[in-house]
Amino acid sequence: MVERKTHQRGWASKLKEWRQKHSDDYAKKLLATPAKVNLFSTLPFPGIILIMGMRRHGKTALACRAAHEAHERKGIAAALHLPGVPADLRRRIQTLLPEWFHVVTTRKEWPENAFILYDEASQSAHARRSASEEAVDLDNLISISGQRNQTIVFISHHSRKLDLNIVHEVDRILWKPPSYAHAMFERDELSDFTHRAYEFFDRIPKLSDKKRATLCLDFHTFEFTYFTNQLAPWWTEDLSRLFAFISMEMDKRERRK
């Protein structure tokens, strides 16, 4: 009896040490000073990226710059996913983009060997739709994105608006400045990371510098890095206000019915 108790205490002690070690490793990774890198080095090919942050702080501009660099360096095309947009509106939006960057309205149109932007992702990948056929279809596309050599970029203010399956598949999170509310109400799985992102941007004194900065978390190495991104050379103010424009146009059409 004495030997068994001693053995049990030994395993309990080992378990406690193991938890302490991994807790220390987690804290070191989380609190380490991010290394400075460039945007292209953070992009997985293929892979899944999630861009989060406050409204009007450059999330779409960052995604477009990433698509531009992917095209410049790897020669791959890009697609902007805008479900439900009428054909005439789609053509107008297409005039704002380079010829290699296509506007698509269905997932069947997603090309292989491409950079896919799923902007304002919460509109069509909302967590409350997780049981729908659409969500299942999206989950399947994420699963085979590696076979199709696609990098899919989801853009949303915070992850609570997204289906949990998307969050679990992410290779990188790129943060533009989050609000404190975003950090407070983030999913439990990402709460520590978003708090860390909030602190990172809070230490940047100038607003202009905050908007240019991006914090990246690589889920393969579990390390933070950061970079300063420029705008794509074809970026315009019309693209910056694209989703407000789409919403306004769709509202007008609804009122005419």
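Select D25 and K21 in this predicted model. Their side chains form a salt bridge, 3.2 Å from N to O. Both sit in helix α1 (residues 2-31), and because they are four residues apart, about one helical turn separates them. D25 is partly exposed, at 31% relative accessible area.

Stay on helix α1 and pick K29, then add E223. These side chains also meet in a salt bridge, at 3.4 Å from N to O. The pair links distant parts of the chain, since E223 belongs to strand β9 (residues 223-228), 194 residues from K29. K29 is partly exposed at 33%, and E223 is partly exposed at 41%.

Next, select R90 and E109, a salt bridge of 2.7 Å, N to O. R90 lies in helix α3 and E109 in the loop between β4 (101-104) and β5 (114-118), so the bridge ties together parts 19 residues apart in sequence. Relative accessible area is 24% for R90 and 31% for E109.

Keep α3 (residues 87-94) and show α10 (residues 242-256): their axes come within 12 Å and cross at roughly 160°. The two helices are therefore roughly antiparallel, and the crossing is right-handed. To see the contact, select D88, L89, R92 and I93 on α3, with L242, F245, I246, E249, M250 and R253 on α10. Six of these residues are nonpolar, four are charged and none is polar.

For another set of salt bridges, select R65, E69 and R73, which are linked in a network. The structure holds nine salt bridges.

Last stop: H182, in helix α6 (residues 180-184). H182 counts as buried because its relative accessibility is 13%. Leaving aside residues up to four places away in sequence, H182 touches G53, M54, H157, H158 and T194.

Terms used: Residues are numbered from 1 along each chain as its sequence is written. This is a predicted model: local features need pLDDT of at least 70, side-chain atom pairs count only at pLDDT 80 or more; totals for chains, interfaces and linings use all residues. Side-chain values use heavy atoms; hydrogens and water are left out. Axes are lines fitted to C-alpha atoms, for helices over the stretch in contact, and angles run from 0 to 180 degrees between N-to-C directions. Angles under 35 degrees count as roughly parallel, over 145 as roughly antiparallel, 65 to 115 as roughly perpendicular and the rest as oblique. A crossing is left-handed if the near helix is turned anticlockwise from the far one by less than a right angle, and right-handed if clockwise. Contact means heavy atoms within 4.5 Å. Ala, Val, Leu, Ile, Met, Phe, Trp, Tyr, Cys and Pro count as nonpolar, Asp, Glu, Lys and Arg as charged, and the others, Gly among them, as polar. Buried means under 20% relative accessible area, exposed over 50%, partly exposed in between (1.4 Å probe, protein chains only). A salt bridge is a side-chain nitrogen of Lys or Arg within 4 Å of a carboxyl oxygen of Asp or Glu.
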